[in-house]
Amino acid sequence: MIETLAPAARIGKPAVAALGMLAVATGALESVVAPTLPLLQRELDMNPAQGALLSVVLLVTGALITPVAGTFGDRYGGKRVLIRLMAVVSAGGLVSALAPNLPVLLLGQILQGAMVGALPLSFILVREHLPADAAKVAIGVVSGLFVGGGMAGTLAAGPVAEGLSRHWMFALPTIAVIMATALVNRLMPHDAPGRTDATGIDWPGLALLSGSLATLMLGLALAPDLASRPLVLGALVVVLAASVTGWIAVERRATEPMIDLRMLARPAIWQPCVLTFAICVGTSVAVYLVPQLLAVPAGEYGFGASATEIGFLLLPGAVAATLAGPLSGVWVRRSGSRAVVTAGIVILALGLIGLAALHTEVWHLVGGKAMIALANGLCVTALVTSIATAVDRRDTGIATSLVLVTRVLGYAVGAQLSGAILTAATPFGSDIPAESAFVTGFVIAGSVTALSLFVVRSMNKGVTQ
């Protein structure tokens, strides 16, 4: 039963600004690992596969938390869930800041992964407290500021880690998250619960999805050794198939499923999810491989860049990604979501194939990464806006969380594949992978991205479907 509720209180610019500040802070905290990964690998004595695991564990946690956060937000109110979620994120940031070794740092990243659920909760709040047109603008602004926070984190992480320590690069954005959360709590009115007949969270579904994701990530992390261990490979395939089959069966029978498979079956939902996954796999390969390539010693085939230099070299890409959000919104209104996504995929595929062919100069990497970041921002913003406006307001949280889950899964799979490729191509006794490994990674990513154009052809031209 859904109650008839009084109209929600309207919010002004300060409340939206508070959500924007929280998006900036969480984006910064999420992004500090990527430009400093070579530094963290040296200080914590990690191999490339362990580095890939560190770079994706936050995203995997986010994939589990996001649908739960979206469902809870739809049922019990976005603000209530958001504040509690940010308490977990803040705790994770502090654990990461104090971590003396890799296991503790992984624990901190697991807790930080709750931040991924903040975006669908923010979308719930703006749809609840703003008119439809203003809500679309606010969704674009919050999404863009999250990317802008990632730009700030990318730029500042290297100098902070090298000038102070790796501990401070986690501590500073965590302090910003705590301050922004306090502002949201003060300025944002409470939104009324959307449903009164909720029976609780689908814990069996969550457990089976967790098992599926953990098995998938384990298989990707062990990929270089699985060819010589067919029994282990077979066991992982069986466990993964059983977990996925069990999850589907549970979700089909659950009274309150974590992810409603009927919703997922709608073209307006599954098409953006499939496209988001493919696009983020391609983007993640570049996000992981470009800093690694920049850090390869200049005496080999790389450029010997430090963490600070890597941050500055990645800055043009972060700027392009930040500008892509507003640009995508304007373009969608004029030409429709299919045109924006098509253009973005073409740019992304060209950027990846270009990096495979040309990566002998710094400007090759800077230019290619900027193209990829621009394309990713165009596509993901258009897809999130499309799915957010294709469902009833009370389903905003779970619907947008589906896209965000596929986003983080795409990033996780791309990073793990990249780490596995580099590990397999690193000679025994050396820390430097063969140059061909980078070419292979970029070609695979470009091919996956280009194939997603077949899905785009079936999309509706408009924003909603």
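**Notes on a helical model**

1. The side chains of Arg166 and Glu43 are joined by a polar contact of 3.1 Å (a pair of N or O atoms within 3.5 Å; within protein, one must be able to donate a hydrogen and the other to accept it, and residues adjacent in sequence count only if both atoms are side-chain atoms). Arg166 belongs to helix α8, which covers residues 166–187 (helices are DSSP runs of H or I with at least four residues, strands are runs of E with at least two, and both are numbered from the N terminus). Arg166 is buried, with a relative accessible area of 9% (buried is under 20%, exposed is over 50%, partly exposed is in between, with a 1.4 Å probe and protein chains only). Setting aside neighbours within four places in sequence, the contacts of Arg166 are Leu39, Leu40, Glu43, Leu44, Ala99, Pro100 and Ala161 (a contact is heavy atoms within 4.5 Å). Glu43 therefore appears both in that list and as the polar partner of the buried Arg166.

2. A word on ground rules, since you will want them: this is a predicted model, where local features need pLDDT of at least 70, side-chain atom pairs count only at pLDDT 80 or more, and totals for chains, interfaces and linings use all residues. Residues are numbered from 1 along each chain as its sequence is written, and side-chain values use heavy atoms, with hydrogens and water left out.

3. On confidence, the mean pLDDT of the protein is 77 (pLDDT is the predictor's confidence in each residue, from 0 to 100), and 82% of the residues reach 70 or more. Please keep an eye on residues 1–7, where the pLDDT is below 50. In the model this stretch has 10 contacts beyond near neighbours in sequence.

4. Now the overall picture. The protein has 19 helices and zero strands. Of its 465 residues, 55% are buried. How much of the contact set joins residues at least 24 apart, among contacts between residues at least 6 apart in sequence? The share is 82%.

5. You may enjoy the cavities. There are four of 30 Å³ or more, and the largest has a volume of about 970 Å³. The search uses a 1 Å grid over the protein atoms alone, and a cavity is a set of points where a 1.4 Å probe fits but cannot get out; points are joined across faces, edges and corners, and a volume is the space filled by probe spheres set on the points. Lining the largest cavity are 45 residues, of which Glu30, Ser31, Val287, Arg407 and Tyr411 are the closest to its centre (a lining residue has an atom within 4 Å of a point). By class, this lining has 25 nonpolar, 17 polar and three charged residues (Ala, Val, Leu, Ile, Met, Phe, Trp, Tyr, Cys and Pro are nonpolar, Asp, Glu, Lys and Arg are charged, and the others, Gly among them, are polar).

6. Two residues link α13 to other parts of the chain. Val290 sits in helix α13 (residues 267–295) and is buried, at 1% relative accessibility. Apart from neighbours within four places in sequence, Val290 is in contact with Leu314, Leu355, Leu365, Lys369 and Phe442. Phe442 lies 152 residues from Val290 along the chain, with 9.8 Å between the C-alpha atoms. Ser418, in helix α17 (residues 396–424), is buried too, with a relative accessible area of 2%. Beyond four places in sequence, Ser418 touches Val285, Tyr288 and Leu289. A polar atom of the Ser418 side chain lies 2.8 Å from the backbone oxygen of Gly414.

7. Is Phe303 buried or partly exposed? At 21% relative accessibility, Phe303 counts as partly exposed. Phe303 is found in the loop between α13 and α14 (307–335). Residues that Phe303 touches, not counting those up to four places away, include Leu293, Pro297, His359, Thr360 and Leu365. The C-alpha atoms of Phe303 and Thr360 are 9.0 Å apart, with their positions 57 residues apart in sequence.

8. Leu264 is another partly exposed residue, at 26% relative accessibility, and it lies in helix α12 (residues 261–264). Leu264 touches Ile269, Trp270, Cys273 and Leu402, leaving out residues up to four places away. Leu264 and Ala399 are 135 residues apart in sequence, and their C-alpha atoms are 8.5 Å apart.

9. Finally, have a look at Val68 in helix α3 (residues 48–76). Val68 is buried, with a relative accessible area of 13%. Its C-alpha atom is separated by 9.7 Å from that of Trp203, 135 residues away along the chain.

Technical notes:
1 Å grid on protein atoms, 1.4 Å probe; cavity = no way out; pocket = protein on both sides within 12 Å on 5 of 7 lines; lining within 4 Å.
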